[in-house]
Amino acid sequence: MPAEFDAPEPWAADEPAPAQLLDVREDDEWQLGHAPGAIHIPMTDVPARIEEIDIDAQVYVICRQGGRSIQVVQYLNNVGFEAVNVTGGMVAWQQTGRPLTGDGDAPKIY
């Protein structure tokens, strides 16, 4: 997992990002806390919103613990993306002390 995902703006806006972090959790989960710089597309919306995912970037897919993200990774890889599952999901993200942002005062995953 690239360390750049720990920054609010992982890569310069004027150049294509070499990687994307795709959060496939539901809206309420996203609002509680998420990784800075992640894009949010709930799992069930991925096929309809696939144009929002950069086909030229390495796509890291994350959910709460890994169940949904592994399904999305399989789908994306089948349609031509280079996708990787983030092991342990956002629970592991928080446990390892990586930064969180969210709509509340103290973003959290669990």
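This passage describes the sheet, the salt bridges and two buried sites of a predicted model.

The sheet comes first. Four strands build an open sheet in the order E2-E1-E3-E4. The pairing is parallel. Strands of a sheet pair through backbone hydrogen bonds, either parallel or antiparallel. E2 and E4 are the edge strands, and each of them pairs on one side only. Helix H2 packs on this sheet and touches E1, E3 and E4. The direction of H2 makes about 165° with that of E4.

Strand E3 covers residues 58–62. E3 is mostly covered, with 4 of its 5 residues buried. On one side, E3 is joined to strand E1 (residues 19–23) by 5 bridges. These two strands run parallel. Ala19 stands opposite Gln58 of E3. Leu22 stands opposite Val61, also in E3. E3 is also joined to strand E4 (residues 82–85), here by 4 bridges. E3 and E4 run parallel as well. In E4, Asn85 is the bridge partner of Val61. Val61 thus has Leu22 opposite it and Asn85 as its partner in E4. The connection between E3 and E4 involves helix H2 (residues 67–78). Together, E3, H2 and E4 make a β-α-β unit, and this unit is right-handed.

Salt bridges were examined next. The count comes to 3. One joins the side chains of Arg25 and Asp23, with an N to O distance of 2.8 Å. Both residues count as buried because their relative accessible areas, 2% for Arg25 and 0% for Asp23, fall under 20%. Asp23 belongs to strand E1, which spans residues 19–23.

Another salt bridge is formed by Arg68 and Glu29. Their closest N and O atoms are 2.8 Å apart. The pair links distant parts of the chain. Arg68 lies in helix H2, whereas Glu29 lies in helix H1 (residues 27–32). The two residues are 39 apart in sequence. Arg68 is partly exposed, with a relative accessible area of 23%. Glu29 counts as buried, at 17% relative accessibility. The bridge therefore joins a partly exposed arginine to a buried glutamate.

The remaining pair is Glu52 and Arg49. Here too the closest N and O atoms are 2.8 Å apart. Glu52 is partly exposed at 38% relative accessibility. Arg49 is likewise partly exposed, with a relative accessible area of 25%.

Two buried sites were then considered. His40 is found in strand E2, which comprises residues 39–40. At 14% relative accessibility, His40 counts as buried. A polar atom of the His40 side chain lies 2.8 Å from the backbone oxygen of Arg25. Leaving aside neighbours within four places in sequence, His40 is in contact with Asp23, Arg25, Glu26, Asp27, Trp30 and Arg49. Several of these contacts recur in the salt bridges. Asp23 and Arg25 form one such pair. Arg49 is the partner of Glu52 in another.

Ala35 is placed in the loop between H1 and strand E2. Ala35 is buried, at 1% relative accessibility. Its C-alpha atom is separated by 8.3 Å from that of Leu21. Along the chain, Ala35 and Leu21 are 14 residues apart. Neighbours within four places in sequence aside, Ala35 is in contact with Leu21, Met90, Trp93, Pro99 and Thr101. Leu21 falls within strand E1 (residues 19–23), so this loop residue contacts a strand of the sheet.

Technical notes: Residues are numbered from 1 along each chain as its sequence is written. This is a predicted model: local features need pLDDT of at least 70, side-chain atom pairs count only at pLDDT 80 or more; totals for chains, interfaces and linings use all residues. Side-chain values use heavy atoms; hydrogens and water are left out. Buried means under 20% relative accessible area, exposed over 50%, partly exposed in between (1.4 Å probe, protein chains only). Two strands pair if DSSP finds at least two bridges between them. A crossover is right-handed if, with the strands pointing away from the viewer, the path from the first strand over the helix to the second runs clockwise. A salt bridge is a side-chain nitrogen of Lys or Arg within 4 Å of a carboxyl oxygen of Asp or Glu. Contact means heavy atoms within 4.5 Å. Axes are lines fitted to C-alpha atoms, for helices over the stretch in contact, and angles run from 0 to 180 degrees between N-to-C directions. A polar contact is a pair of N or O atoms within 3.5 Å; within protein, one must be able to donate a hydrogen and the other to accept it, and residues adjacent in sequence count only if both atoms are side-chain atoms.
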